Structures are given as structure tokens and as C-alpha cells.
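Thank you all for coming; I would like to walk you slowly through one model this morning. Please have the sequence and the picture in front of you while I talk.

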Amino acid sequence: MRLKKLLTIAIVIAVGLCAVAVARDWRSGIAWTEPKAITPSETLGGAPSDAIVLFDGKDTSEWENQKWKIVDGALVAGNGDNRTKKKFGSVQLHLEFAIPANNKNGQAAGNSGVYLSSKYEVQILDSFPGKSTYFDGQCGSIYKQRPPQVNACKKAGEWQTYDIVFNRPKMQIENGKIKKIIRPAYITVFHNGTLIINHHELEGATGYDNKPTYEPHEDLMPLQLQDHGTPVKFRNIWIREIPDDNTKPKQEREPYYN
Ligand code: MG
């Protein structure tokens, strides 16, 4: 009986030691810096504290084209494209848009667009089921490069959201020409909260009458909104500058158990 008790105690101690061994605290040894604390928005879709507010319903001072009118707190496309005064590289972008109710079809149905780095268009169009156009030109497409994974459109007239992550391309430019694409651009798009474009590798600038081709441009470029002849409305536009890549900091020491 006594032997059985001792055996039980020995097993409990052995299991305990094993558990301690399993739970050892592994560390990478990489010298990460502390992430900066920001204040998230209290409202859904609102700007966090480190965002640049590009349009808040009243102020258009961040925009070059002052001919776009403000109607009921919305910035309305008209009188040419509009670009931000400030230039950006890699960004997180939030904006809300509403396409006027219309009885048009194809590319005439409420066309506008969001051009990252003024070159790479995420299409805005009335693509609610029932409307039709070529799939890589419908709402949420990377224009003439790839369709959205799903059609997440709301009806024309309703407010919709885009949340976009854009990693700018890195190019080696010599004498005004691209010598080498060091890294292509990548884009991820959420439409009305749904992922529709997942880390798409951009094949180049988007265009109507030419295949996607990279054109030399500066690292930092304005954000551009398209005027395609339809008074598409925009509101709550904010942008965050983000790191250009996910390169790890230096390996400070070999991985270790803490
Ligand atoms: Mg467009």
C-alpha cells in the first residue's frame, strides 16, 4: 500500500516536471521596437488617432480640385479628377461612397474610382446584381486586372465602404525609365466589410486602352478620385501611412528560452 502511494507521488512529480518543460518561454531574439500606441475611433469606420483625415464632411483643404462641391456633407465628383495635395507611399485607406440611383448599364452606371498612387484604380461602379459589365471592370475590380472575389455591392443610392491596404511598388528608375521593378505593388480591398481583393500583385498601372504596365513614378504620389461624368458622392475619407514592407529588424541574438 505504501509503495503504491510513493509510486503515485513519483508519477505526479514526473508529470509536473514534464509540464514545466513543455511550457518553456521561447523568444526569437529579434530586436522589435515597441508598437506605438494609437487611439482607435469610437465610431465604426472612424479615423484612428494616427490617420490623416482627408474629408470630414466640411473641409476640402486637403484636395487640389476645389471645383468638387460639398452637398449635405458629401464631396461630389465633378469638373475633373481630384487629387490630394499630400503625397503618399504605402497606405491604409478608408472611404465611403454613394452612387446616384440610375437606369444605366455597363461602364456608364455610376462610374468613378479610387487611384492609389494616382495610377492603380479600384473601380467604383453600380454593379448591384442586375447590372452588368465586364467582370474585371465591375465595382471592386482592380480595373482590367482582376475582378473582386465576390460582388459585395449595395444598391445605388446607399452608402458603401472601401477599406484598402496598398503597398507601393519599389522601382529602380534611371534617366526617367524603369530599369528594374524591385518589388511590385500589392493591394487588398474590403468592400462593405467583406474581403474582395486579397493581396493582389499589381501588374502595372490600370488603363482603359492599354495593358497593365508599370510607369515610372515617385515613391510618394497623391491619392486620386476619378470624375467619370457621374456625381458619385464621397464622405469620411481618411488615410494612414504604413511601413513599405514587413522586413524584420536585426537579429539581436540567437533564439533563446527566457
Ligand atoms: Mg472608374
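Let me begin with Asp-126, which counts as buried because its relative accessibility is 5%; buried means under 20% relative accessible area, exposed means over 50%, and partly exposed lies in between, with a 1.4 Å probe and protein chains only. Before I go further, please keep in mind that this is a predicted model, in which local features need pLDDT of at least 70 and side-chain atom pairs count only at pLDDT 80 or more, while totals for chains, interfaces and linings use all residues. Residues are numbered from 1 along each chain as its sequence is written, and side-chain values use heavy atoms, with hydrogens and water left out.

Which residue forms a salt bridge with Asp-126? The partner is Lys-131, and the closest N and O atoms of this pair are 3.5 Å apart, where a salt bridge is defined as a side-chain nitrogen of Lys or Arg within 4 Å of a carboxyl oxygen of Asp or Glu. Unlike the buried Asp-126, Lys-131 is partly exposed, with a relative accessible area of 23%. As general background, side chains of opposite charge can pair when their charged atoms come close.

The structure holds 11 salt bridges, and I will show you some of them. In one, Glu-96 pairs with Arg-235, and their closest N and O atoms are 2.8 Å apart. This pair links distant parts of the chain, since Glu-96 sits in strand 6 and Arg-235 in strand 15 (residues 233-241), 139 residues apart; strands here are DSSP runs of E with at least two residues, numbered from the N terminus. Glu-96 is buried at 9% relative accessible area, whereas Arg-235 is partly exposed at 31%. Another salt bridge joins Arg-27 to Asp-25, with the closest N and O atoms 2.9 Å apart, and here Arg-27 is partly exposed at 36% relative accessibility, as is Asp-25 at 31%. Finally, Arg-168, Asp-219 and Asp-244 are linked in a network of salt bridges.

Let us turn to the metal. Which protein atoms are the donors of the magnesium ion? They are Asn-111 (OD1), Ser-112 (O), Glu-121 (OE), Gln-123 (OE1) and Gln-226 (OE1), lying 2.1 to 2.3 Å from the ion; donors are N, O and S atoms within 2.8 Å of the metal (3.2 Å for Na, K and Ca), and water is not among the atoms, so sites may look incomplete. Among these donors, Asn-111 and Gln-123 are both buried.

My last stop is a hairpin, formed by strand 10 and strand 11 with 2 residues between them. The strands run antiparallel, and 5 bridges join strand 10 (residues 170-174) to strand 11 (residues 177-183), which satisfies the rule that two strands pair if DSSP finds at least two bridges between them. Glu-174 stands opposite Lys-177 in strand 11.

Most residues other than glycine have a negative phi. In the turn of the hairpin, however, Asn-175 has a positive phi of about 50°, and this residue counts as exposed at 81% relative accessibility. Asn-236 also is not a glycine and has a positive phi, of about 45°, but Asn-236 is found in strand 15 and is partly exposed, with a relative accessible area of 24%.

Key: Helix = DSSP H or I, 4+ residues; strand = E, 2+ residues; numbered from the N terminus.
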